[in-house]
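Hi,

Here's the structure I said I'd pass on. Have a look at it first, and my notes follow underneath.

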Amino acid sequence: MLNDDQVMIQEAAQRFAYDKLRPHAGEWDETKHFPVEVMREAAALGFAAIYTREDHGGSGLSRHDGVIIFEQLSRGCIATAAFLSIHNMCTWMIDSFGSDDQRGGWIPKLTTMEAIASYCLTEPGSGSDAAAMKTRAVRDGDSFVLNGSKQFISGAGVSDLYVVMARFDDGISTFLVAKDTRGLSFGANEKKMGWNAQPTRQVTFDNLRIPADNLLGTPGDGFKYAMKGLDGGRLNIAACSLGGAQDALDRALSYAGERSQFGKHLNAFQATQFKLADMETELSAARTLLYEAAAKLDAKTPDATRWCAMAKRFVTDTGSKIANDALQIHGGYGYLHDYGVERIVRDLRVHQILEGTNEIMRVIIARDMLK
């Protein structure tokens, strides 16, 4: 049950999705356009720093509020909403663990998206096994020197700031790397199944030198920061699956009332009715689980990480299933670009992989159950 403020937030995000995102989502997907200016319009509504403190321009909202926002934005464009989630995670990390100078220097620009941020954890040789990363930082006087590479980085080449996890001494630390730093380079934009409305590139650090002040938080605590960030990131990406699936269901419901076969509308056939009923039931169950997980993260309950993993696993799997069912209801037309459903299917598929694969989510859940 949403309170009055959350209903207002939901309505604002839905209006933005339908006015600014949905009319262009197909074109952005086809042309691989990264809609930076439109995202800055979203930032003006507070959607670039949702759960960042208010002293530097953040919205100061809850994780539950964030889930509501990303669910609605994804009804417009999944890929754009998902990138806003990543940007929010970076902004939150700096706000939570950064020094006063780091917060004052970066947060005001990140909240408006004058500066755009990317999250750099995954490497070419370490995906699920994030702790096996090889990117290394070495202290050299008043500087750190970074060498290594990161893979599948959303926004790479366009973003102004890279929040980078790297090995330092015996642990993993987090570093802030600005776009114009010498030794920073980017691979080609990857050719992907979905998420075409945002660039994805490899990021390489070649004797990249940054001031020692660019260390975020405490040395050796970087992996802890990354995992804390991923609790919220998993909720957000689940919310993007939820919104995308809702959009797919809305399209299927509309199509079933318009398309006729054998002298009847599709929605007159019990097979279609049962499929729609199952889609609605599964979507509602997913939303309930996601909202409960967000409430636990807001309350910092001991089992919050387990619930975030449960929500990510269930909602992203369910979202993909519902989108695929919506395509099936459309028949051959569902396979065509102009109907929008095939884009939803493609965009949602990666949600079962990123922010920790759904297999890793099961490891996290079981480990917490058995401890």
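Let me start with a tryptophan: W92 has a relative accessibility of 13%, so it counts as buried, the cut-off being under 20%. Before I go on, please keep in mind that this is a predicted model.

W92 sits in helix α5, which covers residues 78-97. Who does its side of the fold bring it up against? Leaving out residues up to four places away in sequence, W92 touches Y51, T52, R63, F97, Y225, K228 and G229. There is also a long-range pairing worth showing on screen: W92 and G232 are separated by 140 residues in sequence, yet their C-alpha atoms are 9.7 Å apart.

**Helix α7**

That brings us to α7, the helix made of residues 222-258. With 37 residues at 1.5 Å each, α7 should span 54 Å, and since its end C-alpha atoms are 53 Å apart, the two figures agree. There is a bend along the way, though: α7 has a kink of about 25°, and D231 is at its centre. As for its surroundings, 28 of the 37 residues are buried, so α7 is largely enclosed by the rest of the structure.

Q246 is another residue to look at in α7. Its relative accessibility is 12%, so Q246 counts as buried. If you set aside neighbours within four places in sequence, Q246 is in contact with R75, L283 and R287.

**Helices α4 and α8**

How many of the residues of α4 are buried? The count for this helix (residues 63-73) is 11 of 11, so α4 is largely enclosed by the rest of the structure. The buried residues include charged-looking names you may want to click on, among them R63, D65 and E71, alongside others such as V67, I68 and F70. What covers the buried residues of α4 includes α1 (4-21), α5, α7 and α8. R63 is also one of the contacts of W92.

In α8, which runs over residues 270-299, I picked out T272. T272 is buried, at a relative accessible area of 13%. Not counting residues up to four places away, T272 touches A256, L266 and N267.

**The strands around β5**

Now for β5, residues 171-178: seven of its eight residues are buried, so this strand is largely enclosed by the rest of the structure. β5 pairs with β4 (residues 161-168), the two running antiparallel and joined by eight bridges. Within that pairing, V163 stands opposite L176. β4 and β5 make a hairpin with two residues between them, and D169 in the turn has a positive phi of about 55°.

β5 also pairs with β8 (residues 215-216), again in the antiparallel sense, over two bridges. T174 has L216 in β8 as its bridge partner.

**Two loop residues with positive phi**

M113 and F262 both caught my eye. M113 is not a glycine, but its phi is positive, near 65°. M113 lies in the loop between α6 (100-112) and β1 (117-120). Its relative accessible area is 0%, so M113 is buried.

F262, also not a glycine, has a positive phi of about 55°. You'll find F262 in the loop between β9 (260-261) and β10 (264-265). Is F262 buried or exposed? With a relative accessible area of 78%, F262 is exposed.

**The chain overall**

Zooming out, the protein chain has 11 helices and 10 strands. For 371 residues, a compact globule would have a radius of gyration near 21 Å, and the chain has 21 Å, which agrees. The C-alpha trace spans about 80 × 45 × 40 Å along its principal axes.

Buried residues make up 54% of the 371 in the chain. Among contacts with a separation of 6 or more, 74% come from residues 24 or more positions apart. The accessible surface comes to about 15,900 Å², with 51% of it belonging to carbon and sulfur atoms.

That's what I have for now. Happy to go through any of it together.

Cheers

How values were computed. Residues numbered from 1 in each chain as written. Predicted model: local features only at pLDDT ≥ 70, side-chain atom pairs only at ≥ 80, totals over all residues. Heavy atoms only, no water. Helix = DSSP H or I, 4+ residues; strand = E, 2+ residues; numbered from the N terminus. Expected span 1.5 Å × (residues − 1). Bend = angle between axes of the 7 residues up to and from the residue. Buried < 20%, exposed > 50% of the residue type's maximum accessible area, 1.4 Å probe, protein only. Contact = heavy atoms within 4.5 Å. Pairing = 2+ DSSP bridges. Rg over C-alpha atoms; globule rule 2.2 N^0.38 Å. Areas by Shrake-Rupley, 256 points an atom, 1.4 Å probe, with all protein chains shown as cover.
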